[in-house]
Amino acid sequence: MQDLIREIVAGYNYWLYIVLMMIGLYAMIAKGNLVKKIAGMNIFQTAIILFYVSIGCKKGATIPILEHAPHGAHHAVRAADYINPLPHVLMLTAIVVSVSTLGVALALVIKVYQSYGTLEESEIREAMREAKTAEE
Amino acid sequence: MKIFSLIIAVAVGCVLLYATGDFPSWGDPASPASTHVSPHYLEKALEETSVPNIVTAVLADYRGYDTMFETTVIFAAGAACVILLRLFGIRPKERYYRHLLTGVTIHVIGDRKIPEDSGTFERIDNLWVPHDMIIRSICRFLIPFLQLFALYVIAHGHHSPGGGFQGGVILGASVILMAISMNLRTSLERIREKTVALLAALGILIYSGTGALCILLGGNYLDYSALARILLVSPVEARSLGILAVEIGVGVAVMATMIAIYQNLASSGRLDEGL
């Protein structure tokens with residue numbers, strides 16, 4: 001039991017991201033409404049962002065912005081004093097990209113609503129089946 | 001179906017949790033993610049690029065290709081929104097006008113119009129009528145400061161948290177705030193649809209053009225130190241200035257894309273009446 005608690009405390013960021021990710025995955029599979037599926041996808045993306053940002057963390061370190069001395073007189077920088085900038089760079093672009101993909105998803109949802117009059121997956125499937133039998 | 005998906009989610013979660021046993025603990029400076037290229041960036045970025053904010057230096061210089069194609073992805077998403085939703089030449093079947101002095105609302109059916117510049121009538125939206133003096137006045141006061149702050153965030157991205165993506169989103173948000181607080185037509189008068197499309201393409205052009213200029217000056221693509229020959233500064237300073245040019249391109253492209261996505265989503269592509 002003590003080992004388990006120690007393990008959870010040492011890696012609680014992983015536990016958090018996995019819980020969030022599974023909430024998103026469950027919403028994407030189980031929910032019938034397309035907008036709820038998109039909300040699930042966004043929760044999933046947020047979990048990935050949390051994961052990346054948390055692996056860049058270092059204990060006792062500060063943000064990776066150095067002091068800029070004029071005329072190129074720099075102090076030696078110890079890498080352990082600054083958190084890892086790489087995950088932040090990757091997630092910075094990923095956040096904006098996730099917003100624009102959300103826009104595309106919502107545009108598709110608007111088009112689906114315009115042609116079927118509903119956003120429920122089962123009703124859309126029903127309407128598609130009826131259209132197919134009417135064609136035959 | 002719900003039980004089935006719950007089982008899948010729990011099973012995948014358990015597998016992932018099992019794998020976390022091998023992961024480095026939280027905040028470990030010796031974790032694999034922090035030991036390969038990251039120390040090089042932290043120790044060398046300032047002397048190599050003269051940019052104190054290492055996130056900006058990595059974003060626009062060391063990983064310049066990545067950021068360029070991320071910007072292209074955003075542009076493509078905006079273009080996809082416009083292509084999916086935009087409807088041309090569809091006129092509204094009915095319009096509503098409000099008489100400014102009395103507040104009487106007139107419902108016009110068909111294709112007839114009341115000239116809006118007469119000063120006695122204003123066009124109002126069909127579904128939602130934003131007419132709140134407090135919200136309008138506060139947004140009118142707030143929007144210039146938002147835009148000024150966005151320019152600060154873009155220009156000061158070298159020395160503080162910020163840069164093209166964040167500043168571009170704030171700039172786009174200021175125009176979206178205008179559309180929400182007044183109406184969509186007011187914001188379209190300020191920044192037209194064609195301007196938005198041109199700006200989105202211009203942002204990508206600034207980014208890739210900076211890269212191409214580096215080739216013309218004898219360097220590699222996106223190797224900003226080649227710009228030193230025309231900027232008349234040292235190669236290290238030139239990398240800092242090249243990053244600024246690229247960030248401006250990113251900011252312009254992101255702003256235009258956010259506005260285009262909002263305009264098309266809010267009005268389902270008619271760009272006439274919307275949220």
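Colleague: How many residues of chain B are in contact with chain A?
Modeller: This is a predicted model, and the contacts between its chains can be counted from both sides. On the side of chain A, 47 residues take part. They meet residues of chain B, and the number of these is 55.

Colleague: Which element gives the largest share of the side of chain B that touches chain A?
Modeller: Several helices of chain B give two or more residues to this side, namely H1 (2-19), H2 (38-49), H3 (54-62), H4, H6 (164-181) and H10. The residues on this side divide into 33 nonpolar, 17 polar and five charged. The largest share is ten residues, and these come from H4(B).

Colleague: Is B:Ile83 buried or exposed?
Modeller: B:Ile83 has its place in helix H4 of chain B, which covers residues 64-85. Its C-alpha atom is separated by 32 Å from that of B:Ile243, a residue 160 positions apart from it along the chain. A residue with 12 or fewer other C-beta atoms within 10 Å counts as exposed, and because B:Ile83 has 11 such atoms around it, B:Ile83 is exposed.

Colleague: Which element gives the most to the largest nonpolar core?
Modeller: The largest nonpolar core has 69 residues, and those that touch the most other members are B:Val58, B:Ala253, B:Val254 and B:Ile259. In soluble globular proteins, nonpolar side chains tend to be buried together. The element that gives the most to this core contributes 17 residues, and that element is H10(B).

Colleague: How many residues are in the other core that lies apart from the largest one?
Modeller: Apart from the largest core lies another, which has members from chain A and chain B. Among them are A:Tyr14, A:Tyr26, A:Ala47 and B:Ala9, and the number of residues in this core is ten.

Colleague: What covers the buried residues of H8(B)?
Modeller: Helix H8 of chain B (residues 193-216) has 24 residues and reaches 34 Å from its first C-alpha to its last, close to the 34 Å expected. Its buried residues include B:Val196, B:Tyr207 and B:Cys214, together with B:Ala200, B:Gly203 and B:Ile204. With neighbours within four places in sequence left aside, the contacts of B:Ala253 include B:Ala200, B:Gly203 and B:Ile204. What covers the buried residues of H8(B) includes two helices of chain B, H4 and H10.

Colleague: Is B:Leu222 buried or exposed?
Modeller: B:Leu222 lies in the loop between H8 and helix H9 (228-231) of chain B, and its phi is positive, about 65°, although it is not a glycine. Most residues other than glycine have a negative phi. The cut-off for a buried residue is 20 or more other C-beta atoms within 10 Å, and because B:Leu222 has 23 of them, B:Leu222 is buried.

Colleague: Where does B:Ser50 lie?
Modeller: B:Ser50 is not a glycine, yet it has a positive phi of about 60°. With 22 other C-beta atoms within 10 Å, B:Ser50 is buried. Its position is in chain B, in the loop between H2 and H3.

Colleague: How many other C-beta atoms lie within 10 Å of B:Ala57?
Modeller: B:Ala57 has its place in helix H3 of chain B. Leaving aside neighbours within four places in sequence, B:Ala57 is in contact with B:Ala45, B:Thr49, B:Val51, B:Tyr62 and B:Ile243. The C-alpha atom of B:Tyr41, 16 residues apart along the chain, is separated from that of B:Ala57 by 8.5 Å. B:Ala57 is buried, and the number of other C-beta atoms within 10 Å is 27.

Colleague: What is the radius of gyration of chain A?
Modeller: Chain A is made of five helices and zero strands. Its C-alpha atoms fill a box of roughly 80 × 50 × 20 Å along the principal axes. For 136 residues the globule rule gives 14 Å, and the computed value is well over this, so chain A is more spread out than a compact globule, with a radius of gyration of 23 Å.

Colleague: How many residues of H5(A) are buried?
Modeller: Helix H5 of chain A (residues 121-135) should span 21 Å at 1.5 Å a residue, and its end C-alpha atoms are 21 Å apart, which agrees. Across chain A, 24% of the 136 residues count as buried. H5(A) has 15 residues and lies largely in the open, because the number buried is zero.

Colleague: In which helix of chain A is confidence lowest?
Modeller: Chain A averages a pLDDT of 88, and 94% of its residues score at least 70. Confidence is highest in helix H3 (residues 34-55) of chain A, at a mean of 93. The lowest mean, 80, belongs to residues 2-10, which form helix H1 of chain A.

Notes. Residues numbered from 1 in each chain as written. Chains lettered and ligands numbered in written order. Helix = DSSP H or I, 4+ residues; strand = E, 2+ residues; numbered from the N terminus. Expected span 1.5 Å × (residues − 1). Contact = placed C-beta atoms within 7 Å. Nonpolar A, V, L, I, M, F, W, Y, C, P; charged D, E, K, R; others polar. Core = buried A, V, L, I, M, F, W, Y, C linked by C-beta atoms within 7 Å. pLDDT = per-residue confidence, 0-100. Rg over C-alpha atoms; globule rule 2.2 N^0.38 Å.
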